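Colleague: I'm new to this structure and would like a close look at a single part of it. Could you walk me through the largest pocket, and show me how that part sits in the whole?

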Amino acid sequence: MGIKHWFKKEIILFANIQLLLNSEEVYKLSRSLISEVHNQYLVSVVTSNTLLNAAFVLVKDKQPDKAKVILNTTSKLNYSKNDLLTNVRIKFMNALLAYIDIHKEYVISQFLDSLEDKNLKESYTFAFLQIKHIYNFGNN
């Protein structure tokens, strides 16, 4: 499976089917998308969301090293610094990957405590609990 040219419809389709793909395909397609957009003056919100979703899918599939690669390259792309949700999602993914590395919840707790929006806090708490259950590190 491969995509030669990433147009908006391909990006949206990839975002919508990530959970149906195996982790290797998610990783390869994410790298392909990153290669396509890395020199763009401004990366769209759709693209940054798609890549951050892919990183989360990789974490859920117990592929944190691949998720780190996608997250690190995504965070270096030229997305709008006014895109606060992308910035928050990058911080969440960094905290989540730190939790996976050290098996301690304080990193996630600090992140969640920093959120003022109740809905965001609930969403990220739910996402964290999914990962906590998948990795089964216990109560740390």
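Modeller: Here's a walk through the pocket, with the overall build before it and two residues after it.

One thing to keep in mind is that this is a predicted model. The protein has seven helices and zero strands, so reading from the N terminus you get α-α-α-α-α-α-α. Its C-alpha trace spans about 45 × 35 × 20 Å along the principal axes. As for how it packs, a compact globule with 140 residues would have a radius of gyration near 14 Å, and the 15 Å of this protein agrees with that. Buried residues account for 43% of the 140. If you take the contacts between residues at least 6 apart in sequence, 65% of them join residues at least 24 apart. On the outside, the accessible surface comes to about 8100 Å², with 54% of it belonging to carbon and sulfur atoms.

Now for the pocket itself. The largest pocket holds about 250 Å³ of space. It's lined by 15 residues, and the ones closest to its centre are L52, N53, F56, V57 and R89. Four helices each give two or more residues to that lining: helix 1 (8-17), helix 3 (45-60), helix 5 (84-102) and helix 7 (118-135). Helix 3 provides the largest share, with five residues. By type, the lining divides into nine nonpolar residues, four polar ones and two charged ones.

F56 also leads us to a residue worth a stop, I131. You'll find I131 in helix 7, and F56 is one of the residues it touches. Leaving out residues up to four places away in sequence, the other partners of I131 are V59, K60, L96 and I100. I131 has a relative accessible area of 0%, so it counts as buried, the cut-off being under 20%. For a sense of distance, try I131 and V37: they're 94 residues apart in sequence, and their C-alpha atoms are 29 Å apart in space.

For a contrast, look at L20, which is found in the loop between helix 1 and helix 2 (23-37). L20 has 73% relative accessibility, and because exposed means over 50%, that puts it in the exposed group. Another pair to try on screen is L20 and Y135, which are 115 residues apart along the chain, with 20 Å between their C-alpha atoms.

Key: Residues numbered from 1 in each chain as written. Predicted model: local features only at pLDDT ≥ 70, side-chain atom pairs only at ≥ 80, totals over all residues. Heavy atoms only, no water. 1 Å grid on protein atoms, 1.4 Å probe; cavity = no way out; pocket = protein on both sides within 12 Å on 5 of 7 lines; lining within 4 Å. Points joined across faces, edges and corners; volume = space filled by probe spheres on them. Nonpolar A, V, L, I, M, F, W, Y, C, P; charged D, E, K, R; others polar. Rg over C-alpha atoms; globule rule 2.2 N^0.38 Å. Buried < 20%, exposed > 50% of the residue type's maximum accessible area, 1.4 Å probe, protein only. Contact = heavy atoms within 4.5 Å. Areas by Shrake-Rupley, 256 points an atom, 1.4 Å probe, with all protein chains shown as cover.
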